[in-house]
Amino acid sequence: MNAPTHVFSSEGRVATDQAPRYLRMLCKHFRHKFPTEFGELHGRIEFSAGTCELDAATAGTLKMRIATSDRAAVDKLEDVIARHLKRFALKDSLEVRWTRPD
């Protein structure tokens, strides 16, 4: 019998009127290294350390959900995603707010 796989997660939110644009930019940027899929309002990036689901369906908000089996990878993925997002948003001053379940 296999041991259960623990899933560690984090949810991020960014207030922006450009949520679909930033979703596409993140997915297009990472698709050169990792499997990605995306449409106008939803995307998914399969990093080697875990996955990031992106959702731009709520007006004015980009939602991101990280899931991984490695607790330390949550910090790493939060940092990688936030740094790239801020780099793409040169004219916007974006703030990513991450929360983790208890």
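This is a short tour of a sheet, the helices that lie on it and one buried serine. Keep in mind as you click along that the model is predicted.

**Stop 1: the whole sheet**

Start by showing the strands as a cartoon. You should find an open sheet of six strands, ordered β2-β3-β4-β5-β1-β6 and paired in the antiparallel sense. Now colour β2 and β6 (96-99): these two stand at the edges with a single partner strand each, so one side of each has no neighbour in the sheet. Going from one strand to the next, the twist averages 15 degrees.

**Stop 2: strand β3**

Next, select residues 42-47, which make up strand β3, and show the side chains. Which residues lie on the covered face, and which on the uncovered one? Gly 43, Ile 45 and Phe 47 belong to the covered face, while His 42, Arg 44 and Glu 46 are on the uncovered face.

**Stop 3: β3 and β2**

Add residues 36-38, strand β2, to your selection; three bridges link this strand to β3 in an antiparallel pair. To see one of the pairings, pick Phe 38, whose bridge partner in β3 is Gly 43. The two strands, β2 and β3, make a hairpin with three residues between them.

**Stop 4: β3 and β4**

Now turn to residues 50-55, strand β4, which runs antiparallel to β3 and is joined to it by six bridges. Phe 47, from the covered face of β3, stands opposite Gly 50 in β4. Arg 44, from the uncovered face, has Glu 53 of β4 as its bridge partner. Here the hairpin connects β3 to β4 through two residues.

**Stop 5: the helices**

Bring in residues 19-30 to see helix α1, which lies across β2, β3, β4 and β5 (61-68). Look along β3 as well: helix α1 runs at about 30 degrees to that strand. Then select residues 71-88 for helix α2, which packs on the sheet and touches β1 (8-15), β3, β4, β5 and β6. The direction of α2 makes about 150 degrees with that of β5.

**Stop 6: Ser 9**

Finish by centring the view on Ser 9, in strand β1. Is Ser 9 buried or exposed? Ser 9 has a relative accessible area of 13%, and buried means under 20%, so Ser 9 counts as buried. Beyond its neighbours within four places in sequence, Ser 9 contacts Arg 65, Ile 66, Ala 67, Val 74, Arg 100 and Pro 101. Show those residues as sticks to see what surrounds the serine.

Notes
Residues numbered from 1 in each chain as written. Predicted model: local features only at pLDDT ≥ 70, side-chain atom pairs only at ≥ 80, totals over all residues. Heavy atoms only, no water. Buried < 20%, exposed > 50% of the residue type's maximum accessible area, 1.4 Å probe, protein only. Helix = DSSP H or I, 4+ residues; strand = E, 2+ residues; numbered from the N terminus. Pairing = 2+ DSSP bridges. Axes fitted to C-alpha atoms, helices over the stretch in contact; angles between N-to-C directions. Contact = heavy atoms within 4.5 Å.
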